[in-house]
Amino acid sequence: MRLAEGQQRPLTRRTLLLGGLAAGSVLPAALAAAVKPVVSAPPLESTLSKSADMEPLLWYDRPAKAWVEALPIGNGRLGAMVFGGAESERIQLNEATLWAGGPHDYDSPDGLEALPEIRRLVFAGMYREAAELANAKFMSRPLGQLPYQTLGDLHLDFDLKGAATDYRRELNLDSAIATTAFVANGVRHKREIFASHPDQILVYRIGVDTPGGLSFSATLKSPQRSGTSERDGDLILQGIGGDAEGIPGQVKFAAIVRARLKGGTQRIAGDRLIVENADEVTILVSMATSYLSYKDVSGDALRIALEHLNRVAHKTDTELRNGHISDHRRLFRRMALNLGNSKNSVPTDIRIREFHTGEDPGLAALYFQYGRYLLIACSRKGGKPANLQGIWNESVSPPWGSKYTVNINTEMNYWPAETCGLSECHEPLFDMLEELAVTGGKTASVEYGAKGWVLHHNTDGWRGAAPIDGASWGLWPTGGAWLSTHMWQHYLFTGDKKGLARHYKTLRAAAEFFLDTLQIHPSKGWLVTCPSASPENSHHPGVGLCAGPTMDMQILRDLFEACIKASEVLFVDVELRAKLKQARENLAPMQIGKAGQLQEWLDDWDMDAPEIHHRHVSHLYGVFPSHQITRDNTPELFEAAKRSLEIRGDAGTGWSLGWKINLWARLLDGDHAYRLILHALRPEGTLGEGGGVYANLFDAHPPFQIDGNFGFTSGVAEMLVQSTLEQIDLLPALPSVWPEGEVRGLRARGGHVIDIEWSGGRAWSVTVHQGWAEVVRVRYGRRVMDLHGKPGAKHVLGGEWLTSAAG
Ligand code: FUC
């Protein structure tokens with residue numbers, strides 16, 4: 001079955017393009033000669049297919065057996081995993097605020113007193129003793145944070161009167177609808193489910209082509225303390241989140257199932273909703289919790305869930321569906337990517353197995369778009385940010401608590417947000433940072449006696465900010481600093497000064513913490529963080545604590561710079577600016593070690609460290625996401641960073657591979673980036689070294705962790721366009737396996753929107769839709785051109801300039 005709806009608008013090829021610049025833009029005289037308007041048409045050898053085969057969809061010829069085969073839908077707050085069972089269907093349910101435990105203050109009251117001695121021990125090289133003291137006095141109480149949990153499942157048992165044939169289930173990324181279709185006993189069944197953002201409910205439409213041919217029963221089940229009841233024909237599940245780490249569960253939740261029938265009858269018997277002989281049924285699922293904020297769980301879950309349901313009572317199925325589709329497409333259709341051949345006629349699980357043959361570049365484009373789809377589905381304005389599993393989690397005790405690990409994972413979740421046209425999906429992260437500035441402000445004052453706020457390597461629904469798990473992992477103070485740089489990046493893409501003014505308080509307070517806590521290194525004289533660690537890596541066996549790891553210095557350079565520039569944009573804080581500039585200059589510099597590598601620590605320990613292939617590549621933050629190391633500005637550090645990445649190797653967990661794609665792209669080596677793509681886009685478990693994807697294209701750490709999905713999407717974007725506010729680089733790391741393609745809608749800093757078409761490995765048409773920044777400097781190959789115009793101007797580059805630039 002092929003759905004008529006939800007097809008992606010085919011990519012249209014402009015038949016004739018004017019080279020050079022669009023009307024309204026002015027070129028510097030010196031460059032004008034180089035961009036004579038010439039006619040540019042698709043090269044004759046171009047075979048780029050633009051058929052309906054490019055539809056962005058995942059499909060399978062069997063129901064999901066495992067959770068990582070089920071298909072995810074979500075509206076930012078509600079998530080569901082659809083198994084697509086014909087006779088027995090399972091739809092696993094999540095609500096973004098269902099955290100175990102309740103509001104909690106994690107700070108250690110003994111931390112501050114121990115801090116000077118911990119610092120002394122680190123500076124004296126007595127790292128083990130420092131860690132012992134930190135573990136005894138400085139760590140979070142309790143030592144762990146609390147997990148994000150599942151709400152439960154909706155189960156449906158259908159009376160099919162025969163086995164299912166002609167089976168197909170799919171997830172259309174363009175309509176955000178999951179469909180299951182098959183034939184049983186001569187009756188054609190079709191089921192569609194979506195999570196509506198505008199209407200805040202799940203809508204599950206079940207149809208048959210034979211009047212009266214639909215009979216089933218539905219139940220709501222949960223592994224939580226819970227019970228079901230009936231009210232006015234609705235099936236209701238109510239429960240309470242789990243206890244964890246000795247903190248009693250306090251988040252109450254409610255799920256309501258309401259059926260709308262065409263024909264047939266419905267009734268509730270015990271804990272079952274029973275439908276008999278219907279022509280068509282729409283099941284509305286509403287879910288809510290009592291979580292109002294990290295410090296308030298006094299909401300009335302059932303009332304909120306009922307309100308969402310009652311609000312849609314007057315809407316027809318078609319209205320619900322259309323509202324959902326147009327809301328989703330407004331975001332999803334901002335970008336399109338075509339990398340050539342797409343084996344859409346083959347089930348997605350098989351495509352994954354065969355991707356390494358190189359005959360299906362369309363799967364990479366699909367996987368790229370899947371990252372965008374997932375971000376739209378799990379991170380919407382006004383809601384909560386994407387956690388380690390986005391919003392999808394079937395467990396009450398998930399891996400790493402399905403929390404927010406912020407020494408790479410949460411940041412990676414948001415790497416594609418700006419470049420891939422989903423800027424507003426970034427906003428839940430900023431809301432969380434504003435809350436963390438409060439809880440982390442307390443941690444800063446209680447544990448460090450400092451101003452500002454601090455977040456270590458993890459947080460949870462209760463916005464814990466103290467260091468957790470153990471000093472080697474947790475006692476790393478720059479998580480909040482890193483995340484805060486996202487607020488500045490958001491401004492660079494959007495030019496939104498009002499937003500910047502709102503975020504500035506949080507950004508500034510993040511920097512102030514370090515002005516108060518940076519230490520002068522006793523022998524080296526630089527300003528350094530202490531105690532800290534280079535995320536999760538040991539410099540000596542079992543020893544991670546240290547002073548001034550390279551990543552911290554890079555993050556603080558960016559944070560201080562962001563704060564300085566933001567204060568200039570907003571005309572505030574002249575004195576603070578001067579202090580930040582001075583501190584920035586005195587931070588420990590990046591250093592090149594004896595193997596020609598970029599040193600991960602202040603001392604040249606890298607080559608003797610226990611795990612030289614460690615999955616974290618923290619010191620390469622300077623290459624990506626930062627721009628501190630570039631070929632043009634810091635050629636020696638650029639070579640050293642490359643050397644470090646070569647030493648680390650190509651293996652890694654899901655997110656580690658994702659980071660390395662971005663890194664090789666920034667190191668301008670598209671073919672090496674593609675090697676990492678081959679590692680990332682293969683069935684989980686096949687190489688025995690981590691990474692890979694599951695049948696539903698969820699990325700595998702393993703187990704499933706969503707950061708790798710987002711890291712991949714960001715990485716492909718970086719291969720096609722890189723930008724600073726000063727310059728946009730076109731196709732900086734195009735791999736030779738993608739000689740032809742087209743991308744529309746990539747975003748660059750300055751708010752510019754970029755479309756590129758290429759063939760034979762060379763761009764033949766580029767359109768720059770000018771954003772908020774007044775001058776756009778574009779580089780392609782050997783040439784650079786400044787485009788001047790007003791916001792909204794369209795600059796079409798083609799023909800001679802692109803040809804001569806590619807050389
Ligand atoms: C950090 C990583 C792990 C994993 C976890 C959630 O601890 O080192 O690989 O991603 O976060």
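# A tour of the predicted model

Begin with the open sheet: 7 strands in the order S4-S5-S6-S7-S12-S17-S16, with antiparallel pairing. Strands of a sheet pair through backbone hydrogen bonds, either parallel or antiparallel. At the edges are strand S4 (71-74) and strand S16 (265-269), each of which pairs on one side only. From one strand to the next, the twist averages 20°. Keep in mind throughout that this is a predicted model.

Stay at one edge and select S16 together with strand S17 (residues 272-278). The two pair in the antiparallel sense over 5 bridges. Which residue of S17 stands opposite glutamine 266? Valine 275 does.

Next, select helix H15 (residues 574-586). Its 13 residues reach 19 Å from the first C-alpha to the last, close to the 18 Å expected at 1.5 Å a residue. Colour Leu576, Arg577, Leu580 and Ala583, which are buried in H15. They cover an arc of only 130° around the axis, so they lie on the same side of H15. A general point about helices helps here: an α-helix has 3.6 residues a turn, so residues three or four places apart point the same way.

Now turn to the other side of H15, where Val574, Glu575, Gln582 and Glu585 are exposed. What covers the buried residues of H15? The cover includes helix H13 (497-517), strand S23 (527-528) and helix H14 (550-570).

Move on to helix H16 (residues 635-648) and pick serine 644 within it. Is serine 644 buried or exposed? Its relative accessible area is 4%, so serine 644 counts as buried. Leaving aside neighbours within four places in sequence, serine 644 is in contact with Gln597, Leu598, His619 and Leu620. Measure from serine 644 to glutamine 597 in the viewer: these residues are 47 apart along the chain, and their C-alpha atoms are separated by 4.8 Å.

Last, select the cysteines. A disulfide is a covalent bond between the sulfur atoms of two cysteines. How many disulfides does a search of the whole structure find? The search finds 0. Why does cysteine 425 have no bond to cysteine 378? The sulfur of cysteine 378 is the closest cysteine sulfur to that of cysteine 425, but at 8.4 Å it is too far for a bond. Cysteine 425 counts as buried, at 1% relative accessibility.

Finish at cysteine 546, which is in no disulfide: the nearest cysteine sulfur, that of cysteine 530, is 8.1 Å away. Cysteine 546 is buried, with a relative accessible area of 1%.

Note on methods:
Residues numbered from 1 in each chain as written. Predicted model: local features only at pLDDT ≥ 70, side-chain atom pairs only at ≥ 80, totals over all residues. Heavy atoms only, no water. Disulfide = S-S within 2.5 Å. Buried < 20%, exposed > 50% of the residue type's maximum accessible area, 1.4 Å probe, protein only. Helix = DSSP H or I, 4+ residues; strand = E, 2+ residues; numbered from the N terminus. Expected span 1.5 Å × (residues − 1). Arc of directions from axis to C-beta. Contact = heavy atoms within 4.5 Å. Pairing = 2+ DSSP bridges. Axes fitted to C-alpha atoms, helices over the stretch in contact; angles between N-to-C directions.
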